[in-house]
Amino acid sequence: MSEFEPKIVAFVCNWCTYAGADLTGTSRIKYAPNVRIVRFPCTGRIDFMLLLKAFSQGADGIIVSGCHPNDCHYTSGNFHARRRWMAFRNLAEFMGIEVERIQFSWVSAAEGAKWADLVNSTVNRVRELGPYDAYRQMAASSWQ
Amino acid sequence: MARIGVFVCHCGENIGATVDCARVAEACRKIPGVAHSVDYKYMCSDPGQTLIREAIAQNKLTGVVVAACSPRMHEPTFRRVCSESGLNPYLCEMANLREHCSWVHEKSDVTTDKAIDLVAMLVEKVKRNKPLHPIKVPVTKTALVLGGGISGIQAALDIANAGHKVILVERDPSIGGHMSQLSETFPTLDCSQCILTPRMVEVAQHPNITLYTYSELESLDGFIGNFKTRIRKKARSLDEKLCTGCGLCTTKCPNKKIPSEFNTGLGMRTAIYVPFPQAVPNKPVIDREHCTYYTKGRCRVCEKVCPTQAIRFDQEDQIVEHEVGAVVVATGFTVKETDFFPEYGYGKYKDVINGLQFERILSASGPTLGEVKRPSDGRVPETVVFIACAGSRDPAKGIEYCSKICCMYTAKHAMLYKHKVHHGQAYVFYMDIRAAGKMYDEFTRRAIEEDHVQYIRGRVSRIYERNGKLIVQGADTLLNAMPVEIEADLVVLATAGVANEGAEALAQKLHVSYDSHKFFVEAHPKLRPVETNTAGVFLAGACQSPKDIPESVGQASGTAAKVAALFSMDELTREPVVAVVNRTAPPLYSTCVGCFLCQSACPYQAIEREEIKNRNGQVVKTIAKVNPGLCQGCGTCVAFCRSKSIDLQGYTHEQVYAEVMELLS
C-alpha cells in the first residue's frame with residue numbers, strides 16, 4: 001500500500017483553470033505527477049456521467065475546476081457546473097461513492113500556485129483513502 | 001483506419017531535459033492507428049514545421065498530435081501547418097508536455113509515463129476528430145451607438161468617418177450628455193460647450209449618422225454582424241420636419257416653474273422646452289407630465305403661437321427597426337444626489353450641493369449666468385467647503401471604488417471659485433489627492449499654491465445649520481486628527497459617480513455582464529477593455545466605470561477602431577467549436593425530443609426551435625436547432641441534454657469519453 005500512487009483525472013475549463021495550470025508551469029512550481037488534465041471549453045460542458053466513467057475505469061480521484069463565480073468566459077457555465085455538482089454529490093453519496101475523492105474547485109488564470117496546492121492536497125487525500133475499486137465491484141455485482 | 005502522426009518536441013531543454021522524448025515517440029508508435037511518430041528539438045521552428053508538412057504528405061496522415069507546449073501558445077501555429085499541408089486544421093491537437101508536465105515535475109520515469117499518457121489521450125481524441133470548417137456569417141455594416149454624450153459622439157463620428165453608417169440613440173431630447181453641463185474642463189480650463197457643441201453639430205449634419213434623440217432601446221436580438229434592433233422614439237408632441245426651432249412656443253408656455261434637468265434643478269424650464277440653447281437637435285419637446293394640456297385638458301398655447309403648425313398633441317411613441325452589425329454602449333453614468341448623505345443633511349440644506357450642480361452655477365449659461373451665487377438666497381458665498389470622496393471609497397456607503405474624476409474637478413471648482421470670488425476662501429477636505437494624468441498633478445498644485453485653496457486632509461463627519469451658516473465639522477488628520485470646524489456659506493460634495501438608473505435592465509437587453517455596482521463589464525480588464533463578452537457589443541466611456549473626458553474619448557475611438565475593423569470584412573469567420581443537434585433519418589429525424597432544456601441553459605439565446613415538416617408540409621416534430629452565429633461553444637447545453645441529442649464540435653461525447661478511457665487504460 002505504501003507504494004500506492006493514485007490516478008487523478010482533472011476536468012478543467014480552457015479559460016481559467018487550464019490557463020492557471022499553464023501559469024503553474026511558467027512559474028516552475030512543482031506538484032505531484034499523478035494528475036492528468038482533460039481540457040474542456042467550460043465546466044458547464046462537463047457531463048457528470050464522465051466522472052462515473054472515470055471511476056469505473058480506475059480513477060482514484062477527480063478534480064473539476066473552472067472559473068470563479070462571475071468570471072466565466074461564457075457568463076454562467078460555472079454556475080451550471082456548480083449546481084450540477086451539488087446534485088451529483090447527493091447522487092454519488094447515495095450510490096456509495098466516497099465524495100471526498102472528488103474535488104470541486106475554482107482556479108483562475110492567475111492562480112498558478114493554487115493549482116499546485118489543489119493537486120497536491122487532492123493527491124495526498126486520495127493517497128490516504130487508498131485505491132478505489134468499490135465502483136468496479138459494485139458495477140460487477142449489479143451486472144450479475 | 002486512422003493514420004495519426006505524433007510529433008514530440010524537446011523545446012530545447014524545456015521538455016527534453018525532464019521527459020525522455022525519444023521514449024515518448026517510441027511508445028506512441030505502438031498505439032493502434034499511429035502511422036508516424038518522431039521527436040525533434042524544436043517543432044515550432046521552420047525545420048520542425050517542414051518535418052510535419054512532409055510527414056503529412058508522405059504518410060497520408062489523417063490526424064496530427066503535436067506534443068509540445070500549451071495549445072494556448074502554439075495551437076494556431078500547428079493548425080496552420082496542417083492546413084497548409086492539405087489537412088483540415090481541426091484534425092490537429094496538442095498535448096501539453098511543457099506547462100503541464102516537464103516544467104512542473106522532476107525528471108523521472110513517472111514524468112515520462114505521464115507524458116506518454118497525455119499524448120495517448122490526445123491520439124484517441126484526434127482519431128475521433130471531424131474536419132470542421134470555420135463558420136462564415138455576413139456583416140451588416142451599420143453600427144448602433146447607445147448614448148449621445150461625449151463618448152457616444154466620438155464613437156459615432158469615428159465610425160461614420162470610416163465610411164460606415166451609424167445610428168445614434170439618445171434618451172434625452174438633446175445629445176451632449178454630462179459634458180454639455182460642465183463649465184470649464186480640467187486641466188486646461190477650456191470651456192466645455194465651446195469644444196463640445198461643434199461636435200454635436202457635426203453629428204447632426206453627418207451624412208452617415210442617423211440621429212434618434214428622445215429615444216430608447218426597446219430590444220436587441222441577433223448576433224455579431226447581424227443584430228436586429230427596435231428603438232422607441234418617444235413622442236415629442238411635435239412634427240420635427242415642420243418645426244424651425246424658433247422657440248416661440250417655449251417663451252409663451254405659461255407653465256414656467258418646472259425644475260430644469262439640465263440645470264440640475266437649480267433653474268426652471270417650461271413644459272414645452274429645449275434643454276439648453278445649443279441643443280442638437282434644436283427642437284422642443286412637450287413634457288407630458290407637467291404640460292397643462294395633458295394634465296388638465298386645456299391650454300394649447302404653443303399650438304396657437306406656432307408659426308408652422310408643428311405641434312402634435314396626439315402624437316404617439318413610434319417603434320423603428322434597424323439591422324446593425326455592431327453595438328457601442330456609451331450610456332454614461334450619473335452622480336449621487338446630496339440626499340444620499342444623512343450626515344450632510346439628507347439633501348435638505350439648499351446650500352449643500354453636489355459637484356454637477358456647482359458646474360451649473362459656474363457655467364456662463366447656467367441659472368446664475370456664471371456668477372457664483374448660493375441657491376438659498378442668491379448671496380455670493382464668502383466661504384466654500386468642498387468635500388472630496390463623498391460616498392466614494394467608502395464601504396459603509398456601499399461604494400468601495402474611487403470615482404476617479406472628483407479630485408480633479410474639486411481642484412477645478414475651488415480654482416474657478418477663487419477666480420470668480422477673489423476675496424473668498426475655499427477649503428477642500430480630501431482623503432488623498434489622486435491626480436494621475438497628463439498635467440493633472442500640476443493642476444492640483446496650482447490650485448493649492450497659486451490660488452491658495454486650503455486643502456485639509458481629513459473627513460467631514462457632520463454638517464448642520466447655525467445662524468444662516470453651514471457648520472462643517474471635520475478632522476485634520478495631518479494635525480493628529482485635530483477637530484476642524486468651518487462656518488461655510490456653501491458646501492459642494494464631490495459625490496460618487498454611479499451607474500445610470502436602468503443600467504441593469506439595459507445590460508440584460510444587450511446580454512452584457514455588469515458588476516455589483518451595475519457598471520458594464522469588459523471582456524478582459526487589461527487586454528480587451530472595449531469589448532464585452534458578447535461578441536459585437538462594445539463599450540465606451542463611463543458606463544464601464546467613472547472616467548474623465550480624455551479617457552472617455554480615447555476609449556470611444558478605440559471602440560470605433562474595433563467596429564471599423566469588424567466592418568472591414570464582408571464576412572466574419574468564427575471558430576467552428578459550436579454545438580449541433582443531431583439529425584437522423586425519418587421517421588425519427590433527430591433524437592431530440594424537443595424538451596428545450598438546452599434553451600434555458602444557453603447563455604447566448606443560441607437555441608432556436610426548428611419545425612420538421614413532412615412532404616405534405618405538416619409539422620411532424622419540433623426540435624432544437626443551434627444558431628451557429630450566436631453559439632460561443634461553451635457546451636452547457638450538451639451537459640444538460642437528457643437524450644444526448646446535442647453535441648459540441650471539437651469536444652464531442654465520443655472524443656471526451658475516449659480520452660478518459662485511454663487515460664485510465
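# Notebook: chain B, sheets, helices and contacts

**Entry 1, the parallel sheet.** I began with an open sheet of chain B, in which 5 strands follow the order 20-27-21-22-23 with parallel pairing. At its edges I found strand 20 (352-354) and strand 23 (454-457) of chain B, each of which pairs on one side only. Ignoring direction, I read an average turn of 25° between neighbouring strands of this sheet. I note here that the model is a predicted one, and I keep that in mind for every entry below.

I then followed one edge of the sheet in detail, where strand 20 of chain B pairs with strand 27 (residues 490-495) of chain B in the parallel sense over 3 bridges. Looking up I353(B), I found that its bridge partner in strand 27 of chain B is V492(B). Across strand 20 and strand 27 of chain B lies helix 12 (residues 355-362) of chain B, which runs at about 90° to strand 20 of chain B.

**Entry 2, a helix pair.** Next I looked up helix 13 (residues 406-420) and helix 14 (residues 440-449) of chain B, whose axes come within 9 Å and cross at roughly 35°. The crossing of helix 13 of chain B past helix 14 of chain B is left-handed. On the side of helix 13 of chain B, I listed C407(B), M408(B), A411(B), A414(B) and M415(B), and these meet Y440(B), F443(B), T444(B) and A447(B) in helix 14 of chain B. The residues of this contact divide into 8 nonpolar, 1 polar and no charged.

**Entry 3, D441(B).** Within helix 14 of chain B I also looked up D441(B). Is D441(B) buried, partly exposed or exposed? I count it as partly exposed, because 17 other C-beta atoms lie within 10 Å, whereas 20 or more would be needed for a buried residue. I also checked D441(B) against P187(B), and found the two 254 residues apart in sequence but 9.2 Å apart in space, C-alpha to C-alpha.

**Entry 4, strand 18.** I turned to strand 18 (residues 326-329) of chain B, which is covered on both faces, with A326(B) and V328(B) buried on one side and V327(B) and V329(B) buried on the other. Which strands pair with strand 18 of chain B? I found strand 6 (residues 142-146) of chain B, paired with strand 18 in the parallel sense over 4 bridges, and strand 29 (residues 537-539) of chain B, which runs parallel to strand 18 and is joined to it by 3 bridges. In the pairing with strand 6 of chain B, A143(B) has A326(B) as its bridge partner, while V329(B) stands opposite L539(B) in strand 29 of chain B.

**Entry 5, the antiparallel sheet.** I also recorded an open sheet of 3 strands in chain B, ordered 11-12-17, with antiparallel pairing. Its edge strands are strand 11 (215-223) and strand 17 (318-324) of chain B, each pairing on one side only, and the twist averages 20° from one strand to the next. Between strand 11 of chain B and strand 12 (residues 226-233) of chain B I found 8 bridges in the antiparallel sense, with S215(B) standing opposite K233(B) in strand 12 of chain B.

**Entry 6, domains.** The domain assignment of chain B gives domain 1 (4-127), domain 2 (142-234 + 317-332 + 500-567), domain 3 (248-305), domain 4 (334-498) and domain 5 (579-648). I looked up the pair formed by domain 2 and domain 3 of chain B, whose centres, taken over C-alpha atoms, are 27 Å apart. In this pair, 15 residues of domain 2 of chain B are in contact with 8 residues of domain 3 of chain B. The domain 2 side of that contact divides into 7 nonpolar, 7 polar and 1 charged.

**Entry 7, the interface with chain A.** I found 36 residues of chain B in contact with 35 residues of chain A. The elements giving two or more residues to the chain B side are helix 5 (98-102), helix 6 (109-127), helix 18 (636-640) and helix 19 (653-663) of chain B. I sorted the residues of that side into 19 nonpolar, 10 polar and 7 charged.

**Entry 8, the chain as a whole.** I closed with totals for chain B, which holds 19 helices and 34 strands and whose C-alpha trace spans about 95 × 75 × 40 Å along its principal axes. Of its 665 residues, 49% count as buried. Among the contacts in chain B with a separation of 6 or more, residues 24 or more positions apart account for 69%.

Key:
Residues are numbered from 1 along each chain as its sequence is written. Chains are lettered from A and ligands numbered from 1 in the order in which they are written. This is a predicted model: local features need pLDDT of at least 70, side-chain atom pairs count only at pLDDT 80 or more; totals for chains, interfaces and linings use all residues. Ala, Val, Leu, Ile, Met, Phe, Trp, Tyr, Cys and Pro count as nonpolar, Asp, Glu, Lys and Arg as charged, and the others, Gly among them, as polar. Domain bounds come from an automatic or database domain assignment. Two strands pair if DSSP finds at least two bridges between them. Axes are lines fitted to C-alpha atoms, for helices over the stretch in contact, and angles run from 0 to 180 degrees between N-to-C directions. A crossing is left-handed if the near helix is turned anticlockwise from the far one by less than a right angle, and right-handed if clockwise. A residue is buried if 20 or more other C-beta atoms lie within 10 Å of its own, exposed if 12 or fewer, and partly exposed in between; C-beta atoms are placed from the backbone.
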